[in-house]
Amino acid sequence: MNHNPIFLALDLPRLDAAEALARRVKGHVGGIKLGLEFFCAHGHHGVHEIAKIGLPIFLDLKLHDIPNTVAAAMQAIHVLQPAIVTIHAAGGRAMMEDAKAAAGEHTKVVAVTVLTSLDDADLASVGIRSQAEEQALRLADLAHLAGLDGIVCSGHEVAAIKRQWKDGYFVVPGLRPADGHDHQALADQKRTMTPHDARHAGASVLVIGRPITRAQDPVAAARAIEATL
Ligand code: C5P
């Protein structure tokens with residue numbers, strides 16, 4: 001556990017501000033997560049700029065399309081040498097297999113199961129009769145069968161999933177430091193956990209955004225979180 005598992009979710013609209021912040025906290029995080037919004041706004045150029053900082057890059061693109069298209073998209077981002085890329089498990093086994101086959105040797109391909117924005121009623125409205133939790137476990141099994149490296153899951157699920165998938169790579173968002181200020185803007189994450197507890201439950205990667213990016217002193221916030229691990 002000596003390398004830093006924190007990936008900073010750099011969800012800032014401006015490239016210059018994102019880059020400046022990443023440079024400041026660089027010594028206290030293990031990587032940078034760039035999402036779909038960043039990629040749509042700044043593309044390969046933006047990723048190259050952030051990659052110059054020298055930290056591993058996690059492209060959280062949540063790819064979901066026919067297998068051929070997802071594989072081609074994976075090939076198109078190959079040059080960016082991402083350490084981690086996300087795809088949707090709901091795309092099915094063939095899509096996941098083809099995505100993994102198309103990814104670079106050093107890229108972990110991890111699946112999103114059920115978006116935390118969907119509840120049981122939302123699932124029913126798209127014809128899925130299982131509860132969200134049951135559906136997430138089913139899709140985690142399918143991702144494992146498809147040969148992916150791991151999944152995105154909550155800190156509350158990671159220990160149970162790890163029992164079934166011992167060498168899985170588990171990416172955990174929704175984290176809040178114990179001493180975090182109860183900021184209104186952070187309240188959209190419901191079932192949160194501390195970075196320390198998630199790490200000890202078996203998380204491979206801790207995705208942390210606003211507790212660092214919106215802190216008055218992002219360097220101090222990142223350092224304080226790092227010290228708890
Ligand atoms: O700012 P915060 O620490 O909440 O950032 C969490 C990051 O993880 C964001 O980039 C968000 O899109 C992502 N995420 C999440 N909850 C999930 C899946 C991904 O917050 N269930």
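Rings of Phe, Tyr and Trp, the last by its six-membered ring, form a pair if their centres lie within 6.5 Å; planes under 30 degrees apart count as stacked, over 60 as edge-to-face and the rest as tilted. The exercises below concern a predicted model.

**Exercise 1.** Find how many aromatic pairs the whole structure holds, and classify the pair of phenylalanine 7 and phenylalanine 58.

Solution.
- Step 1. Searching the whole structure gives two aromatic pairs.
- Step 2. In the pair of phenylalanine 7 and phenylalanine 58, the ring centres are 6.1 Å apart and the planes stand at 75°.
- Step 3. Planes over 60 degrees apart count as edge-to-face, so phenylalanine 7 and phenylalanine 58 are an edge-to-face pair.
- Step 4. This pair links distant parts of the chain: phenylalanine 7 lies in strand 1 (residues 6-9) and phenylalanine 58 in strand 3 (residues 57-63), 51 residues apart.
- Step 5. Relative accessible area is 6% for phenylalanine 7, which is buried. Phenylalanine 58, with 1%, is buried.

**Exercise 2.** Classify the aromatic pair of tryptophan 165 and phenylalanine 170, and decide whether each residue is buried or exposed.

Solution.
- Step 1. For tryptophan 165 and phenylalanine 170 the distance is 6.0 Å centre to centre, with 85° between the planes, and the pair is edge-to-face.
- Step 2. Buried means under 20% relative accessible area. Tryptophan 165 has 4% and therefore counts as buried.
- Step 3. Phenylalanine 170 has 0% and is buried.

**Exercise 3.** Describe the setting of glutamate 19: its element, its burial and its contacts.

Solution.
- Step 1. Glutamate 19 belongs to helix 1 (residues 15-25).
- Step 2. The relative accessible area of glutamate 19 is 17%; the cut-off for buried is under 20%, so glutamate 19 is buried.
- Step 3. Leaving aside residues up to four places away in sequence, glutamate 19 touches Glu49, Ile50 and Ile53.

**Exercise 4.** Compare the protein chain with the globule rule, then describe its contacts, surface and charges.

Solution.
- Step 1. The protein chain has ten helices and eight strands.
- Step 2. Its radius of gyration is 17 Å, close to the 17 Å from the globule rule for 229 residues, so the chain is as compact as a globular protein of that length.
- Step 3. The C-alpha trace spans about 45 × 35 × 35 Å along its principal axes.
- Step 4. Of the 229 residues, 49% are buried.
- Step 5. Taking contacts between residues at least 6 apart in sequence, 65% join residues at least 24 apart.
- Step 6. The chain exposes about 11,700 Å², with 52% supplied by carbon and sulfur atoms.
- Step 7. The 22 positive and 25 negative charges have mean positions 4 Å apart.

How values were computed: Residues numbered from 1 in each chain as written. Predicted model: local features only at pLDDT ≥ 70, side-chain atom pairs only at ≥ 80, totals over all residues. Heavy atoms only, no water. Helix = DSSP H or I, 4+ residues; strand = E, 2+ residues; numbered from the N terminus. Rg over C-alpha atoms; globule rule 2.2 N^0.38 Å. Buried < 20%, exposed > 50% of the residue type's maximum accessible area, 1.4 Å probe, protein only. Contact = heavy atoms within 4.5 Å. Areas by Shrake-Rupley, 256 points an atom, 1.4 Å probe, with all protein chains shown as cover. Lys, Arg positive; Asp, Glu negative; His and termini not counted. Charge placed at Lys NZ, Arg CZ, Asp CG, Glu CD.
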